[in-house]
Amino acid sequence: LSRKLQWERIQLATTRTQEMAPRIVVHESSEELSYGAVKSVAAASSRAIAERGKFVVALSGGSMPKMLMGLATEIPAKDWACWHVFFADERCVPLDDDDSNFKACEAFLVQVPRSQVFALPVEAASVDDPAALAAAYEASLRAVCETDAKSGLPVIDLCLLGMGPDGHTASLFPGHPLLEYPSGSPAVTSLTDSPKHPPKRITLALPTINAARDAFFIAAGGAKADVLAECFDLDPSDPSAALTVNSKCGYPCSMVDPKGGVVWLVDKSAAAKLPESPSVAPPCARGKVGILGAMPAEIAQLRAHVTDQKETVVNPFLTVVEGWLQNKPGLQAVPVVFAAAGVGLVAASSAATVLIERFGAESLVFTGVAGGLVPELKVGDLLVALDCVNYEFDCRAFIAPFAPDHRHARGELPFTGGIRSFPSDPRLVALACKASISETTLVRGRLLSGSEFMTTARKAEMGPVWKELDDPAVGPPLAVDMECAGVAQICLQYKLPFLGLRAVSDTTEGDANADFNEFCQNAADRLWPIVEFVALNA
């Protein structure tokens, strides 16, 4: 079984989706937009640092710095040292001038080493010489960034862009000669005739922006609505189709097309004139929901329902998928990240840590199967775990020198003040019990986990251990699996809401489905209404 799982996971890891079409995420207000933008940037930072050891970001001015002030408390302290900050464009003014983008962003960049914040290089050239400033800035950019093998351009991790009411972005203006980019042109260019004050500026060239790994636009206010609507087309013969970029509109912002795709983060006012489309996500919930299964069959429903899937191969045995979950057009869309973790406590705990640390999961639902431990449970019954215990963890013989009279119980972690079980979040448990399911027995109780695959005979032999783990508050253990307690412990350590869901695969009498893979798929189908309901309301 393990060899087959490994092969399936390697096959899965080599599968790729097409590059994402532009996606528009609508937030209720500018405050919600600010929150969502901060969360999105923090997730991009975490991923880049995990993959490449640094995060190269290009910032913009305008109203964006105020939107991003929350980064000061959102980015972990250790990650700031990995940031390398450039500016998508900069006005040729002294650094302390009110028109300086550096000055506008300086407040939330105080934790970045000053040598890694690349302001206008006034030490290299005069503010009256934009061309010399652009050349010096490009040299700094190339010294920090990787180089794209095909184009020869520096590769920025994330370009954070704004959009003016005239459709300009960075300092690229409609109809300006800078939009015509001959081969061999600079990666950073300059202009002396900006339609907006001040006239002298430097800016990333459009191909440099498009060489970035990702780009986010952040736009708020009704003044942006007309231009935003003109940037996109919708096939009138297929209203359910995704929006496509209107390449004829001539707005520079519509010409941004990096390899990782474009995400537009906007408020309702800016989105007021957009047509309805699956590309336009309604206001998203706060927080990305992480969802794990042990095997590929256990996440098959997510594969079928999550939109705009973007895969990341973490290692040959773990592929993580990000996307959006929305059960009906017009209802709230939720950012999700999911994976098949693999079998066993170590694989599942490792996958949970990756979803939290690298992909920004703020709650975690673990779905799968478990063997029944009480005769009342039948094959196919569903269990909502009130808590999880690692039945193999046994420090009963350990005596701490500072507490010689304390005797540890089975499952109890030393030096934690008596933690023995890892609870599911009460709110998530309540949501799971409200989900609409039919002709299915749903029970709540304790779930045990260990590293041993339990046969019927072995479950009977372990009866004294099961009895030892009976608890007056939650009752006897109802089922046993090989992963859930590890994931629950990780969530407890990170202080994140957790929910364990299991379908009963076999009974105390030995009843089981002859085809285990088929059962796992059926179990995933039965659990899906609960997983979906919890994720959409978490």
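**Exercise 1. Determine how β7 pairs with strand β10, and which way its side chains point.**

Solution. Strand β7 and strand β10 (residues 214–219) pair in the parallel sense over four bridges, where two strands count as paired if DSSP finds at least two bridges between them, and where helices (H or I, at least four residues) and strands (E, at least two) are DSSP runs numbered from the N terminus. The model is a predicted one, in which local features need pLDDT of at least 70 and side-chain atom pairs count only at pLDDT 80 or more, while totals for chains, interfaces and linings use all residues. Residues are numbered from 1 along each chain as its sequence is written, and side-chain values use heavy atoms, with hydrogens and water left out.

Within this pairing, L160 stands opposite F216 in β10. Next, β7 also pairs in the parallel sense with strand β2 (residues 55–59), over two bridges, and there L158 of β7 is the bridge partner of V57. Finally, L158 and L160 point one way from β7 (residues 158–161), whereas C159 and L161 point the other way, and all are buried, buried meaning under 20% relative accessible area with a 1.4 Å probe and protein chains only, against over 50% for exposed and in between for partly exposed.

**Exercise 2. Work out the strand order of the open sheet that contains β9, and explain why β4 and β8 each have one side without a neighbour.**

Solution. The sheet consists of three strands in the order β4-β9-β8, with antiparallel pairing. Because β4 (89–91) and β8 (188–191) stand at the edges and each has a single partner strand, one side of each is left without a neighbour in the sheet. Neighbouring strands here are turned by 20° against each other on average, direction ignored, with axes taken as lines fitted to C-alpha atoms, for helices over the stretch in contact, and angles running from 0 to 180 degrees between N-to-C directions.

For the β8 side, four bridges join β8 to the antiparallel strand β9 (residues 201–204), and L191 stands opposite R201 in β9. Helix α7 (residues 130–144) packs on this sheet and touches β8 and β9, its direction making about 165° with that of β8; contact means heavy atoms within 4.5 Å.

**Exercise 3. Describe the largest pocket and the largest cavity by volume and lining.**

Solution. On a 1 Å grid over the protein atoms alone, a cavity is a set of points where a 1.4 Å probe fits but cannot get out, a pocket is an open set with protein on both sides within 12 Å along at least five of seven lines, and lining residues have an atom within 4 Å of a point.

The largest pocket has a volume of about 1100 Å³ and is lined by 48 residues, of which K39, A43, K288, F359 and G360 lie nearest its centre. Helix α2 (residues 30–52) gives the most to this lining, with 13 residues.

Turning to cavities, a search of the whole structure finds three of 30 Å³ or more, and the largest has a volume of about 60 Å³. Its lining is made by E298, Q301, L302, T367, A524, L527, W528 and V531, and the elements that give two or more residues to it are α10 (300–305) and α16 (516–537). Of the elements, α16 gives the most to the lining of the largest cavity, with four residues.

Notes: Grid points are joined across faces, edges and corners, and a volume is the space filled by probe spheres set on the points.
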